[in-house]
Amino acid sequence: ATLLDDLISSGKMAIRDQFMISRLMKGSEDVDQNFTAYKFGDAQRTAYQLWLNDMCNVYLELIKPIVQSKDEENKDARWAAQATLWVALETQLRGLHPMMPYITEELWQRLPGRGTLGETEKQSIMLAEYPVIVDAYKNDNCEESMSLTMEIITACRSLRSSYNIKPKDLTHFFVKMTDEGQAAQALSQVDDILTLGSGSQVDINPSDADIPETVGTMVVNDSLTVLV
């Protein structure tokens, strides 16, 4: 809880970090509610989706270049990503413990920093507090921004696949958006689009003169078009 409080108050979290914490709060709450209602299958499915979709498929992939970078100017973003990942792992292990007692205990004991977390640190995950939900840590705006970002990334990947572009070959994307609010959201997550879309550059709402005459185009919806 102390690390999470420090993380939230640090002002160093990117949208991807805030998204992960928000999904962690909502997902843990859903697991708890399903347990309370004796819907054990639903609790298991919710926990699985939180691990696989939100953390592994999205967040873990997004932070790889962040945690691998050793640049001094990147240290705040690196710390925020590492702290967010630690909180997400530790919290989800406690939430999953009733369903998978042995493997969660083993992994929980192996988390970095175990044994140095202060007087309140428990010796076993069996004695640790079940995840507590803090409504203030839920962030619908960040989740909406991430959902939009993933739409753009999906379009980028589809375009690359359509033209048989090799993974090692980065591509220049042009994103046309009619909604100014969504354009601002996309602009704030250009780095994430570059990471998962395998892009060399992403231009949000460039002028027509800056777009090459020959491009591949994917119309995502009435307000979003991605070109490569």
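Which backbone oxygen lies 2.9 Å from a polar atom of the side chain of Arg114? In this predicted model, the backbone oxygen in question belongs to Trp108, and the surroundings of Arg114 are taken up again below, after an account of the overall architecture and the nonpolar cores.

## Overall architecture

The secondary structure of the protein consists of eight helices and four strands, and, read from the N terminus, these elements follow one another in the order α-α-α-α-α-α-β-α-α-β-β-β. Along the principal axes, the C-alpha atoms occupy a box of roughly 65 × 45 × 35 Å. When contacts between residues at least 6 apart in sequence are considered, 71% of them join residues that are at least 24 apart.

## Surface and charge

The protein has 228 residues, of which 43% count as buried. About 12700 Å² is exposed, and carbon and sulfur atoms supply 51% of that area. The protein carries 20 positive and 34 negative charges, and the mean positions of these two groups are 7 Å apart.

## Nonpolar cores

In soluble globular proteins, nonpolar side chains tend to be buried together. Here the largest nonpolar core contains 25 residues, and the members that touch the most others within it are Leu4, Leu7 and Ile21. Two or more residues of this core are given by each of the elements α1 (2–10), α2 (15–36), α3 (40–68) and α4 (75–96), with α4 providing the largest share, eight residues.

Leu4 illustrates how this core is put together: once its neighbours within four places in sequence are set aside, Leu4 is in contact with Ile21, Met25, Val87 and Tyr137. Apart from this core lies another one, made up of 24 residues, which include Phe19, Leu148, Ile152 and Ala186.

## The setting of Arg114

Arg114 is located in the loop between α5 (101–109) and α6 (140–162). Is this residue buried or exposed? Arg114 counts as buried, because its relative accessibility is 18%, and the cut-off for that class is under 20%.

Leaving out the neighbours within four places in sequence, Arg114 is in contact with Glu90, Trp108, Gln109 and Glu121. Trp108 therefore appears twice in this description, because Arg114, a residue that counts as buried at 18% relative accessibility, has Trp108 among its contacts and also places a polar side-chain atom 2.9 Å from the backbone oxygen of Trp108.

Methods
Residues are numbered from 1 along each chain as its sequence is written. This is a predicted model: local features need pLDDT of at least 70, side-chain atom pairs count only at pLDDT 80 or more; totals for chains, interfaces and linings use all residues. Side-chain values use heavy atoms; hydrogens and water are left out. A nonpolar core is a set of buried Ala, Val, Leu, Ile, Met, Phe, Trp, Tyr and Cys residues joined through side-chain atoms within 4.5 Å. Buried means under 20% relative accessible area, exposed over 50%, partly exposed in between (1.4 Å probe, protein chains only). Contact means heavy atoms within 4.5 Å. Accessible areas come from the Shrake-Rupley method with a 1.4 Å probe; for residues, only the protein chains shown count as cover. Lys and Arg count as positive and Asp and Glu as negative; His and the chain ends are not counted. The place of a charge is taken as NZ of Lys, CZ of Arg, CG of Asp or CD of Glu. A polar contact is a pair of N or O atoms within 3.5 Å; within protein, one must be able to donate a hydrogen and the other to accept it, and residues adjacent in sequence count only if both atoms are side-chain atoms.
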